[in-house]
Amino acid sequence: YARALELSPGNPKVLSNIGLSLALDNRPDEAEAALREAAGQPGADIRVKQNLSLVLGVQGKLEEAKALDQAQTTASMASDNQTYFKALLTPGRSWERLRGA
């Protein structure tokens with residue numbers, strides 16, 4: 001990823017991939033930071049913003065994820081995403097446990 005950013009600094013797709021990689025490596029705070037940077041870049045598409053929404057949602061930042069979804073998708077999709085995040089975060093589940101779910 002470092003080389004990709006050298007070749008294309010600030011590329012939202014590269015930053016988004018970094019964020020997802022960090023999320024999979026159980027580093028949610030770093031993932032969120034990378035995805036926020038990606039989403040703030042010119043040319044960031046809906047996939048980049050949905051990746052940020054996903055990372056926010058699985059961390060329990062539901063209101064922020066909802067606002068982002070509502071700005072980028074249909075009301076139905078935003079509602080479906082909220083239902084999904086809430087199901088992931090039922091009692092006894094956490095960021096750490098989601099990786100094994």
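## A pair along helix α1

Let's start at helix α1, which spans residues 2-7. R3 and E6 sit three residues apart in this helix, so about one helical turn separates them. Their side chains meet in a salt bridge, with an N to O distance of 3.1 Å. What is the exposure of R3 and E6, buried or exposed? Both residues are exposed. Keep in mind as you look around that this is a predicted model.

## Two more pairs

Further along the chain, D25 and R27 also pair up through their side chains, forming a salt bridge at 3.1 Å, N to O. D25 has a relative accessible area of 44%, so D25 counts as partly exposed. R27 is partly exposed as well, with a relative accessible area of 33%.

Next come D45 and R47, which form a salt bridge whose closest N and O atoms lie 2.5 Å apart. How does R47 rank, buried or exposed? Its relative accessibility is 53%, and exposed means over 50%, so R47 falls in the exposed class.

## A network of four residues

Not every charged residue here stops at a single pair. Which residues are linked in a network of salt bridges? The members are E32, R36, K61 and E64.

## The whole structure

How many salt bridges does a search of the whole structure find? The search turns up seven salt bridges. Among the pairs to look up in your viewer are R3 with E6, D25 with R27 and D45 with R47.

How values were computed: Residues numbered from 1 in each chain as written. Predicted model: local features only at pLDDT ≥ 70, side-chain atom pairs only at ≥ 80, totals over all residues. Heavy atoms only, no water. Helix = DSSP H or I, 4+ residues; strand = E, 2+ residues; numbered from the N terminus. Buried < 20%, exposed > 50% of the residue type's maximum accessible area, 1.4 Å probe, protein only.
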